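Biologist: I have a new model on my screen and would love to talk it through with you. Shall we take it one question at a time?

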Amino acid sequence: SSGINAEYGDCVEEVVDEKYRRGRGPKYTIRFNLSVLCATFLGVFTSYQATCTLQSSGVTSDGSYVNFTIPQLVTYTTLILSSAFLPEYVITRFGMKTTLVLCQIPYCLYISAFYYPHLGVTIPASVLLGLSAAPLWTAKCWYLCYLSERYTLLFKTNLSHTYSILFGLFFAVFLTTGVWGKLIYYFAFIASARSLPLIDHSKCGLNFSYTTGADATTEGFISWGIGTRLNLISIYLSIALVSILLLAVYIDGIDRAEYPIPTSESLLRVVRSLNLRQILLVPLTVWSGIEQSFFAAIFAEAFIVCSYGYGKYGLMLIIYSGTASIASLVSGVARVWVAQKLILSFAATLNLAVLILLLVWHLPSYSAIVGCVVLWGVAQGIWQPQIGALYAELNPGEQIASFSHYRLWESVGYTLIFGLKVGGVPVGSVILTTLPLLVAGLICYFLFVFVAWKYQQRILDDCGIQPKNQLNNEQ
């Protein structure tokens, strides 16, 4: 139902389904479904991320510790394979609503695995999580596209702008998961917990590596007992289950007539749908995964936890999540007036400035760390909704394949960072590895903009439509 939204007009005829105009308040229905989707992901991922924070920030009363990096590495490695084969197969056979519900259940299983936090339990749970994550996020993105297209067809808005606004609204809510999870963590536990001694500051900053951190896993962490851990896991699991139930009861499904036609070859559609524009977006998409995982797996542990402990980390996480949420909302709305290439260039500049600062300043001061957290949060709030909106309008009619690409290459970025961490690579070397990838991603993005512009011109020429500025000159 979506056409090619060009600045000069539409080349593709769009037909408004009359069922969108019937019934009570179509605008209310769209807003209600968006609210349910946001509330569900907020609840499930608040619980999931809080569980990861709990497990990476504490040692049990007997001194045992299970690092969450290995399960995370397994999750994103599995997600790469899942993104290549499963999303379209699962969505077309089970339906959009059922996919959204069923694929969130493994998140509950993953949370439950930390009742007994040992690798023999957490790794199988991570595999299931990775297999379900690609269909879940692809279905979520397609549902946002579906709501955007309904809104555009009903109220004659610009589809590209509507994509950006709805993705921005969704991630504005989603990115607050760090705030709520940390507040639960604080009120349930931190106020009465006991911090263990910090590790040697000479091992922090650029000198930090997974191996030096592993040698001192119990230093700078929080000491908690089994009862506290079980209580927190129970709270997180309850929130996730209630959120999934909310989705199952209240969200509207999508007519199966609008699904891609399932064929025996549909598993390979994600590979066959590759084109030059999609290839040019790969480096930027990989950077999106690097950018998200770098903060949680590298920056937070090397520059915050190592130097200031988990008490300050909780505060920093709240600042980061709040900043990212506001930036997501602002960038989504700003897309109406500001070119997307300027918005993404701004995000890249912020990331570049932080990485260079970390390289030249061995161990930044506390105020500088706060500034880095704010700048990285703003960039994070821009990357996710804007890249999601890019993929939404990349291949009309092939959005499931497009979002499968998105999750696949983003997962490559996650896997790279977690792999470097597990491999014991020092932070300075990690930064030097990621800097060229950021620059390459930005260069390829501008090539993508040029190629997309040429593609649009060719479509307009084929349809006999002249650009507005050319028409004005002729007049």
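Modeller: Happily! One term before we start: a surface patch here is made of residues with over 30% relative accessible area and no salt bridge, and nonpolar side chains are joined within 5 Å. Please keep in mind that this is a predicted model.

Biologist: Which residues make the nonpolar surface patch of about 620 Å²?

Modeller: One member, Val338, sits in the loop between helix H12 (276-334) and helix H13 (340-360). Val338 is partly exposed, with a relative accessible area of 33%, so it passes the cut-off of over 30%. The full patch consists of Leu169, Leu329, Val333, Val336, Trp337, Val338 and Leu342.

Biologist: How confident is the predictor, as a mean pLDDT over the protein?

Modeller: Some stretches call for care: pLDDT stays under 50 over residues 1-23, where the model has 51 contacts beyond four places in sequence. Residues 262-267 are also below 50, with nine contacts beyond near neighbours in sequence. Across the protein, 76% of residues reach 70 or more, and the mean is 79.

Biologist: Is Leu350 buried or exposed?

Modeller: Leu350 belongs to helix H13. Not counting residues up to four places away in sequence, it touches Leu375, Val378 and Ala379. Of these, Ala379 is 29 residues away in sequence, with a C-alpha to C-alpha separation of 6.3 Å. Since buried means under 20%, the 10% relative accessibility of Leu350 makes it buried.

Biologist: How many disulfides does the structure hold?

Modeller: A disulfide needs two cysteine sulfur atoms within 2.5 Å. For Cys141, the nearest cysteine sulfur is that of Cys145, 6.9 Å away, so by that cut-off Cys141 is in no disulfide. Cys141 is buried, at 2% relative accessibility. For the structure, the number of disulfides is zero.

Biologist: Which lysine meets Glu301 in a salt bridge?

Modeller: The nitrogen and oxygen come to 2.6 Å, which is within the 4 Å that a salt bridge requires. The pair links distant parts of the chain, 120 residues apart, with Glu301 in helix H12 and its partner in helix H15 (residues 399-422). Glu301 is buried at 15% relative accessibility, and its partner is buried at 3%. That partner is Lys421.

Biologist: And how far apart are the closest N and O atoms of Glu410 and Arg407?

Modeller: Because they are three residues apart in helix H15, Glu410 and Arg407 are separated by about one helical turn. Both residues are buried. They form a salt bridge, and the distance between their closest N and O atoms is 2.3 Å.

Biologist: Which residue has a positive phi although it is not a glycine?

Modeller: Most residues other than glycine have a negative phi, so such a case draws the eye. The residue lies in the loop between helix H6 (119-155) and helix H7 (159-174). It counts as exposed, at 63% relative accessibility. With a phi of about 55°, it is Lys156.

Biologist: Which residue follows H3?

Modeller: H3 covers residues 87-94, and its buried residues include Val90 and Ile91. The residue after H3 has a positive phi, near 95°. That residue is Gly95.

Biologist: To finish, what share of the 475 residues is buried?

Modeller: The protein has 17 helices and five strands. Among contacts between residues at least 6 apart in sequence, 87% join residues at least 24 apart. The buried share is 55%.

Terms used. Residues are numbered from 1 along each chain as its sequence is written. This is a predicted model: local features need pLDDT of at least 70, side-chain atom pairs count only at pLDDT 80 or more; totals for chains, interfaces and linings use all residues. Side-chain values use heavy atoms; hydrogens and water are left out. Patches are made of residues with over 30% relative accessible area and no salt bridge: like charges are joined within 9 Å, nonpolar side chains (Val, Leu, Ile, Met, Phe, Trp, Tyr) within 5 Å. Accessible areas come from the Shrake-Rupley method with a 1.4 Å probe; for residues, only the protein chains shown count as cover. A salt bridge is a side-chain nitrogen of Lys or Arg within 4 Å of a carboxyl oxygen of Asp or Glu. Helices (H or I, at least four residues) and strands (E, at least two) are DSSP runs, numbered from the N terminus. Buried means under 20% relative accessible area, exposed over 50%, partly exposed in between (1.4 Å probe, protein chains only). Contact means heavy atoms within 4.5 Å. pLDDT is the predictor's confidence in each residue, from 0 to 100.
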